[in-house]
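Work through the exercises below with the sequence and the model open. Each task is followed by a solution in steps.

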Amino acid sequence: MMGYLMDGGWMMLPLLICSIAMVAVIIDRVRAFRAASKLDPAALRREVCEKVSSGDLDGAIKACEESEGPVAAVLLTGVEKLKLMRAKGKSEIEIEAGVTKAMEDYAPKAMNCLEQRMGSMVLIASISPLIGMCGTVTGMINSFSVMAEAAGLDPGAVAGGISEALITTAAGLIIAIPGVVAYNMFQKKVEEWTMELETSVAHFAQAISL
């Protein structure tokens with residue numbers, strides 16, 4: 001491995017940094033989604049809605065506070081807003097509209113714990129092949145420089161530059177491909193959690209109107 005790093009030239013240094021950063025981000029996102037998956041959003045949503053329908057707002061708040069994840073955060077926002085508006089004597093129509101808006105406005109913030117650093121994956125996956133291509137260009141320049149200095153074709157001397165070009169190109173792709181795959185997998189999970197939040201808002205609004 002060290003031999004490849006040395007043969008790839010100085011452009012392998014930024015590629016090495018990109019690879020470490022990509023692995024770190026992927027591990028971080030895996031841990032975040034794994035932590036979120038420990039919660040059953042449907043069960044929490046059902047429990048909270050049942051408590052709200054029965055008038056046990058404090059019990060609903062406690063259930064949300066004892067849970068983690070975006071669904072719990074959005075439901076907690078809805079229950080607290082509901083409790084506040086009822087204390088102010090608002091009408092049922094105003095309460096339903098106000099609670100729904102509060103939950104919808106908070107949903108993007110609740111998703112931040114899952115979406116953060118996703119942009120870094122896109123950035124690293126985008127620049128890694130470009131850095132590899134830059135290494136390809138410098139490697140070919142080195143090859144032609146050796147040819148010019150030797151005033152002819154020296155296969156042994158030219159091979160070093162070509163090797164540098166191929167290694168950096170391969171390294172850039174090796175970093176980018178898993179990054180793109182991981183990003184799309186994580187993005188799919190984000191979409192699933194977004195749907196869970198939308199379902200939670202709809203069910204909570206229905207529980208209020210009962």
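**Exercise 1. Disulfides**

Task: How many disulfides does a search of the whole structure find?

Solution. Apply the criterion for a disulfide, a pair of cysteine sulfur atoms within 2.5 Å. The search of the whole structure returns zero. Take Cys49 as a case: the closest cysteine sulfur, in Cys64, is 9.3 Å from the sulfur of Cys49, which is too far for a bond. Then check accessibility, where buried means under 20% relative accessible area, exposed means over 50% and partly exposed lies in between (1.4 Å probe, protein chains only). Cys49 is buried at 11%, and Cys134 is partly exposed at 34%.

The model is predicted: local features need pLDDT of at least 70, side-chain atom pairs count only at pLDDT 80 or more, and totals for chains, interfaces and linings use all residues. Residues are numbered from 1 along each chain as its sequence is written, and side-chain values use heavy atoms, with hydrogens and water left out.

**Exercise 2. Helix crossing**

Task: At what angle do the axes of helix H2 and helix H6 cross, and which residues make the contact?

Solution. Locate the helices, which are DSSP runs (H or I, at least four residues; strands are E, at least two) numbered from the N terminus. H2 covers residues 12–37 and H6 covers residues 92–115. Axes are lines fitted to C-alpha atoms, for helices over the stretch in contact, and angles run from 0 to 180 degrees between N-to-C directions. The two axes come within 9 Å and cross at roughly 130°. That makes H2 oblique to H6, given that under 35 degrees counts as roughly parallel, over 145 as roughly antiparallel, 65 to 115 as roughly perpendicular and the rest as oblique.

Next, list the contact (heavy atoms within 4.5 Å). H2 supplies Arg29, Ala32, Phe33 and Ala36, and H6 supplies Cys113, Leu114 and Glu115. Sorted by class, the contact of H2 with H6 has five nonpolar, no polar and two charged residues. Here Ala, Val, Leu, Ile, Met, Phe, Trp, Tyr, Cys and Pro count as nonpolar, Asp, Glu, Lys and Arg as charged, and the others, Gly among them, as polar.

**Exercise 3. Salt bridges**

Task: How many salt bridges does the structure hold? Describe some of the pairs.

Solution. The criterion is a side-chain nitrogen of Lys or Arg within 4 Å of a carboxyl oxygen of Asp or Glu. The structure holds five.

- Asp28 and Arg117 meet at 2.8 Å, N to O. Asp28 is in helix H2 and Arg117 in the loop between H6 and helix H7 (118–150), 89 residues apart. Asp28 is partly exposed at 25%, as is Arg117 at 38%. A network of salt bridges links Asp28, Arg29 and Arg117.
- Lys83 pairs with Asp58, with the closest N and O atoms 2.7 Å apart. Lys83 lies in helix H5 (residues 70–87) and Asp58 in helix H4 (residues 57–65), so the pair ties together parts 25 residues apart in sequence.
- Lys101 pairs with Asp105 at 2.8 Å between the closest N and O atoms. Both lie in helix H6, four residues apart, about one turn of the helix. Lys101 is exposed at 51%, whereas Asp105 is partly exposed at 45%.

**Exercise 4. Surroundings of Ile61**

Task: Is Ile61 buried or exposed, and which residues does Ile61 touch?

Solution. Find Ile61 in helix H4. Ile61 counts as buried at 12% relative accessibility. Leaving out residues up to four places away in sequence, Ile61 touches Leu76, Val79, Glu80 and Lys83. Finally, compare C-alpha positions: Ile61 and Thr77 are 16 residues apart along the chain, with 9.0 Å between their C-alpha atoms.
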